[in-house]
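Colleague: Could you take me through the inside of this protein, step by step? I would like a close look at how its side chains meet there.

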Amino acid sequence: MCRITAACKEAAVARFLREFPEAPLAGRDHPALRGCDDIAWADFGCPGGVPALLRGLLDPAVAAEAERVLCNVLMDGVFTLGPAMPAALPFLLRLAADPAVPVRTELVEVLFVVAELSHPVDGGSERAIRFLGSDRDHPERARCRAVFFEHAELVRGLLDDRTLPDGLIPPEERASLLEAAAA
């Protein structure tokens with residue numbers, strides 16, 4: 001299975017910060033990002049630039065690239081949540097709830113993916129375990145479900161938000177988000 005290494009993540013963040021040195025200043029006082037500097041991102045195997053990437057989501061000039069790099073940093077592979085995802089998820093939920101965030105639609109789509117990948121894997125399905133790994137080997141799934149549950153009000157608010165584009169939340173994504181928030 002294809003993995004995103006710590007070195008690749010570090011290099012991507014360093015490149016982002018070189019190309020967009022103003023990104024760490026964007027949204028410094030945004031309430032959705034309170035506490036993002038207090039997290040020891042390195043404890044999760046993440047580069048220290050995660051707060052800069054989160055702030056970059058608020059800068060229209062760099063938001064798309066910040067979102068792309070952040071997703072690569074928070075994922076360990078195509079179908080594998082990284083250990084930092086549960087720590088980042090509250091910030092992503094709060095940012096997705098803000099209609100002024102330039103990449104809001106993309107963040108809602110990221111939340112769909114996280115919700116889907118956080119569902120427990122059928123322990124009796126050898127194929128599912130081979131493809132996705134066991135829940136025992138991926139505690140970030142349960143941690144993400146706990147975050148969705150803790151922020152269930154934000155999840156329900158997103159699902160009822162009339163400012164999001166029509167058709168953005170199809171029934172299966174709606175069900176996946178609600179299931180994740182019901183942990």
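Modeller: Let's begin with the aromatic pairs: this predicted model holds 2 of them. In one, Phe16 and Phe20 come together with their ring centres 5.1 Å apart and 45 degrees between the planes, which makes the pair tilted. Those two numbers are what to look for, because a pair of aromatic rings is described by the distance of the centres and the angle of the planes. Phe16 and Phe20 are also both buried.

Now turn to the largest nonpolar core, which has 57 residues. The members that touch the most others are Trp41, Leu54, Leu57, Leu92, Leu95, Leu111 and Phe148. Many helices feed into this core: α1, α2, α3, α4, α5, α7, α8 and α9 each supply at least two residues. The largest share, 9 residues, comes from α4.

Try picking out Phe148 on your screen. Leaving out residues up to four places away in sequence, Phe148 touches ten listed partners, among them Leu89, Leu93, Leu111, Val155 and Leu177.

Finally, find Val101, in the loop between α4 (85-96) and α5 (104-118). Val101 counts as buried because its relative accessibility is 4%, and the cut-off for buried is under 20%. Beyond its neighbours within four places in sequence, Val101 is in contact with Leu57, Leu58, Leu95 and Leu107. Take Leu58: it lies 43 residues from Val101 in sequence, yet their C-alpha atoms are 5.5 Å apart in space. Two of the contacts of Val101, Leu57 and Leu95, should look familiar from the core.

Notes. Residues numbered from 1 in each chain as written. Predicted model: local features only at pLDDT ≥ 70, side-chain atom pairs only at ≥ 80, totals over all residues. Heavy atoms only, no water. Helix = DSSP H or I, 4+ residues; strand = E, 2+ residues; numbered from the N terminus. Buried < 20%, exposed > 50% of the residue type's maximum accessible area, 1.4 Å probe, protein only. Contact = heavy atoms within 4.5 Å. Core = buried A, V, L, I, M, F, W, Y, C linked by side-chain atoms within 4.5 Å. Phe/Tyr/Trp six-rings, centres within 6.5 Å; stacked < 30°, edge-to-face > 60°.
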